[in-house]
Amino acid sequence: MAPMAGINVPSFCELLISNGCDFIYSALLTSYGIVRENKKTMEMKDTLPAGVDLVVQIFGGVPEVMAEAAAALDDPKRFAAIDVNMGCPAPKVIKCGGVALMKTPELAGRVVRAVAEKTSLPVTVKMRLGWDEASINFIELARICIDNGRRQSHCTRARARSALRANRTGHRSRASRKRSPCR
Ligand SMILES: Cc1cc2nc3c(=O)[nH]c(=O)nc-3n(C[C@H](O)[C@H](O)[C@H](O)COP(=O)(O)O)c2cc1C
């Protein structure tokens with residue numbers, strides 16, 4: 001199951017598992033929240049399901065903080081991988097990460113390196129085509145992520161952030177029909 005904030009909650013995960021789903025992403029968790037042991041973030045982390053391959057997704061644009069968060073999540077018994085979110089366009093997320101990292105590939109690379117250095121888990125990256133349609137750079141970014149990580153990369157979205165805005169203003173493309181802030 002793809003990462004879905006507000007949806008991949010314990011009860012939904014139980015439903016997924018009982019219906020045979022064995023690979024679940026957490027909703028995105030803030031790296032600051034993990035490092036500072038924020039109550040809500042800890043609750044989200046600690047109520048993640050057990051008994052499935054679970055990928056914990058984090059976001060943030062400060063390599064040192066992402067590294068610390070990765071170290072705190074470095075638990076192979078609990079998690080199958082750590083995913084770095086470079087796709088979420090929600091305003092509170094792009095202040096410090098999410099798809100905004102696609103605008104700064106060099107920083108994105110440092111973020112991936114910092115995470116990969118602090119965990120024994122596989123590190124994946126979920127990204128878009130680019131920040132907007134004028135800056136489609138997913139190939140460059142994927143290469144940077146691979147070079148800075150341990151040669152694993154994962155691109156699951158096929159539209160730019162601006163396609164989402166087009167969505168809101170009614171100029172829909174086939175690839176941008178839905179309306180979640182994080183798709
Ligand atoms: C309610 C909702 C919440 C989402 N939250 C996240 C999230 O926390 N992190 C993330 O990377 N993607 C998030 N997404 C995007 C999904 O993971 C996925 O990329 C998107 O739904 C497109 O998948 P599809 O093409 O299979 O529909 C969310 C999507 C929805 C609908």
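This passage describes the confidence, the nonpolar core and one helix of a predicted model.

Residues are numbered from 1 along each chain as its sequence is written. Because the model is predicted, local features need pLDDT of at least 70 and side-chain atom pairs count only at pLDDT 80 or more, while totals for chains, interfaces and linings use all residues. The mean pLDDT (the predictor's confidence in each residue, from 0 to 100) is 86, and 82% of the residues score at least 70. Over residues 167–183 pLDDT stays under 50. Where pLDDT is low, the predicted coordinates should not be read in detail.

The largest nonpolar core (buried Ala, Val, Leu, Ile, Met, Phe, Trp, Tyr and Cys residues joined through C-beta atoms within 7 Å) has 44 residues. Buried denotes 20 or more other C-beta atoms within 10 Å of a residue's own, exposed 12 or fewer, with C-beta atoms placed from the backbone. Helices (H or I, at least four residues) and strands (E, at least two) are DSSP runs, numbered from the N terminus. Helix H6 gives this core its largest share, six residues. Ala108 and Val112 are among the residues with the most contacts inside the core. Beyond four places in sequence, Ala108 is in contact (C-beta atoms within 7 Å) with Met86, Leu101, Met102, Leu141, Ile144 and Cys145.

In helix H7 (residues 138–148), Phe138, Leu141, Ile144, Cys145 and Asn148 are buried. These residues lie on the same side of H7 because they cover an arc (of directions from the helix axis to the C-beta atoms) of only 125°. Exposed Ile139 and Asp147 occupy the face turned away from the buried side. The cover over the buried residues of H7 includes helix H6 (105–118) and strand S4 (123–127).

Methods
Two residues are in contact if their C-beta atoms, placed from the backbone, lie within 7 Å.
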